[in-house]
Amino acid sequence: MLQIIDLAKYYNGQPVFSGLDLNLPAGRFQVLLGPSGCGKTTLFNTLTGVIPTDEGTIIWQGQTVPHLGSLCAYMHQKDLLLPWFSLMDNALLPARTRGRDMAGARVRAKNLFSRLGLDGYETHRPNQVSGGMRQRCALVRTLMFDRDLILLDEPLSALDAITRQRLQHLLLLLQTEFAKTILMITHDVDEALLLADDIFVSSSLPMTLIRRIHLNQPKPRAFDDPDLLHIKADILAHLVKGEAV
Amino acid sequence: MTRSGLIALGLITFLLAGWEGAVRIWAVPVFILPPPSLILTTAVVQAPLILPHAAVTGAEIVLGIVLALATAIPLAIAMFARPVLEKALSPFLVASQAIPVFALAPLLVIWLGYGMASKVFMAWIIIFFPITVSLVQGLKSCDPEYRTLFTLMGSPFIKTLAFLYWPWALPRFFAGLRVGVSVATIGAVIGEWVGAQQGLGFLMIQSNARLQTPLVFAAILWLAAMGLVLWTLVGILEKKIITWNT
């Protein structure tokens, strides 16, 4: 569904990444994992069109596109809800900024609120509800983008264990219930292991894919799964090696 | 009443009582330093005389604020939307602050006359700067992750401004407005000192020349009260608009 071919970005003549190839089949949860400072944010901004690409092709459903800015939705570890809007108005934001059919959007948002257990909280402000509810509202908003591809930006890092587990379940809903294709970019190995179907391990500067790992452990996964710990050791070894190069 | 309120009340009572007592004990002539009781009575008894002047000064201040808002908000938004513009204009803004505005007052009277226009202009240039600067800073303080979110929603600038940047900047905007409102009175009064036919500043100069010191103090009292009312109004407006916790 999404193909990234030979993507490159340079800063002052130095490649942040070059010759980057990624292939995302529909409905899969793919993770690009690299060390901190590997150019994760640059890649993210390049893919979303915040900064221009220097080389390469992005093919979306058979069509070459300049970037994914208008094709993907975005979810972050912070809920990024606007404190001055009610939960419903926050969820309607994607529709409202594009000036789409608001009545239809309202009905869809209402259904999603029911599905995610937010019934009766439509008029609450974000600061009036729990962190978990805010995250669910952020998920509704992500779905209201009405896009098949979702970019995740380190969604679970820096969260405590309980929140992390709760959010992991929510993010998996994106794949299982709403059939989205997901690309997550992170430096957090545990986060990758909990969520991914495929992990692309990259080295830093230039960001180069050094290993691809396929995971078929059922989800949701537990931290202490011996298989995962084994894979984690392998990934960490590669990350260290990648740093040394 | 809160503890801090009690302390403040105690302090002001002590100061006023000390003032009143000292003036009476040493029999200070009224034209040098009138006692607070006399100032208060003058402010009330002479209200029919003071009120028209206060209305003029109040109108000058309010017009100055309205003009400042009408110019500062569009300029701040333009500077935020086009960083080139900000870079080009900030030296001018800073330079305009380096000029002592009060030194311009006599010139303003020459250019704009003895009427209200020169005072409104004076108030306007004084308020304009804090509002513009605080609003630009407020707009720029917006979290980049929120910006990315709006970019990916395909939100046009005007909607991002309305839904994100503007509410985000409001607390700083109000901080700037508070500063502006409290200095606006100074601008108007200085303008009136230099040359005017009405207004509290004019009344003060006239009374001063005739050694009607209680009336000078009464005018200052009225001026302070007006500043306080404006300050409070801004506070109320802020509470009404910013209903979320930031």
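These notebook entries record what I looked up in a predicted model with chains A and B.

**Entry 1: the six-stranded sheet of chain A**

I began with the strand order. In chain A, 6 strands make up an open sheet, arranged β6-β7-β8-β3-β9-β10, and their pairing is mixed. I then asked which strands stand at the edges. They are β6 (72-76) and β10 (208-214) of chain A; each has a single partner strand, so one side of each is left without a neighbour in the sheet. From one strand to the next, I noted an average twist of 20°.

I looked up one pair within this sheet. Strand β7 (residues 149-153) and strand β8 (residues 181-186) of chain A run in the parallel sense and are joined over 5 bridges. At this pairing, D153(A) stands opposite I185(A), which belongs to β8(A).

Two helices pack on the sheet. Helix α1 (residues 40-48) of chain A touches β3 (29-33), β6, β7 and β8 of chain A, and its direction makes about 145° with that of β8(A). Helix α5 (residues 131-144) of chain A touches β6 and β7 of chain A, with an angle of about 170° between its direction and that of β6(A).

**Entry 2: the four-stranded sheet of chain A**

I next recorded an open sheet of 4 strands in chain A, with the order β2-β1-β4-β5 and antiparallel pairing. As a reminder to myself, strands of a sheet pair through backbone hydrogen bonds, either parallel or antiparallel. Here β2 (14-24) and β5 (63-65) of chain A are the edge strands, each paired on one side only. The twist from one strand to the next averages 30°.

Strand β1 (residues 2-11) of chain A pairs with β2(A) over 7 bridges in the antiparallel sense. One bridge that I traced links Y10(A) to its partner P15(A) in β2(A). Helix α1(A) appears again in this entry: it lies across β1, β2 and β4 (55-60) of chain A and runs at about 120° to β1(A).

**Entry 3: the nonpolar cores**

Which residues of the largest nonpolar core touch the most other members? Of its 135 residues, they are L43(A), L47(A), L68(A), I199(A) and I235(A). Helix α8 (residues 157-194) of chain B gives the most to this core, namely 13 residues. At least three residues come from each of domain 1 (2-71 + 148-244) and domain 2 (82-146) of chain A.

I followed L68(A) further. Beyond its neighbours within four places in sequence, L68(A) is in contact with L2(A), L47(A), I58(A), W60(A) and L149(A). A second, separate core has 6 residues, among them V101(B), A105(B), M122(B) and I126(B).

**Entry 4: helix α5 of chain B**

In helix α5 (residues 101-112) of chain B, I listed V101(B), A105(B), L108(B) and V109(B) as buried. These residues cover an arc of only 110° around the axis, which puts them on the same side of α5(B). They pack against α6 (116-140) and α8 of chain B. On the face turned away from the buried side, I found the exposed residues I110(B) and W111(B). G113(B) follows α5(B) and has a positive phi, near 90°.

**Entry 5: R178(B)**

My last residue, R178(B), is found in helix α8 of chain B. Is R178(B) buried or partly exposed? Its relative accessible area is 23%, so R178(B) is partly exposed. Apart from residues up to four places away in sequence, R178(B) touches W231(B), V234(B), G235(B) and E238(B). I also noted that R178(B) and L233(B) are 55 residues apart in sequence, while their C-alpha atoms are 9.7 Å apart in space.

Technical notes: Residues numbered from 1 in each chain as written. Chains lettered and ligands numbered in written order. Predicted model: local features only at pLDDT ≥ 70, side-chain atom pairs only at ≥ 80, totals over all residues. Heavy atoms only, no water. Pairing = 2+ DSSP bridges. Axes fitted to C-alpha atoms, helices over the stretch in contact; angles between N-to-C directions. Contact = heavy atoms within 4.5 Å. Core = buried A, V, L, I, M, F, W, Y, C linked by side-chain atoms within 4.5 Å. Buried < 20%, exposed > 50% of the residue type's maximum accessible area, 1.4 Å probe, protein only. Domains from an automatic or database assignment. Arc of directions from axis to C-beta.
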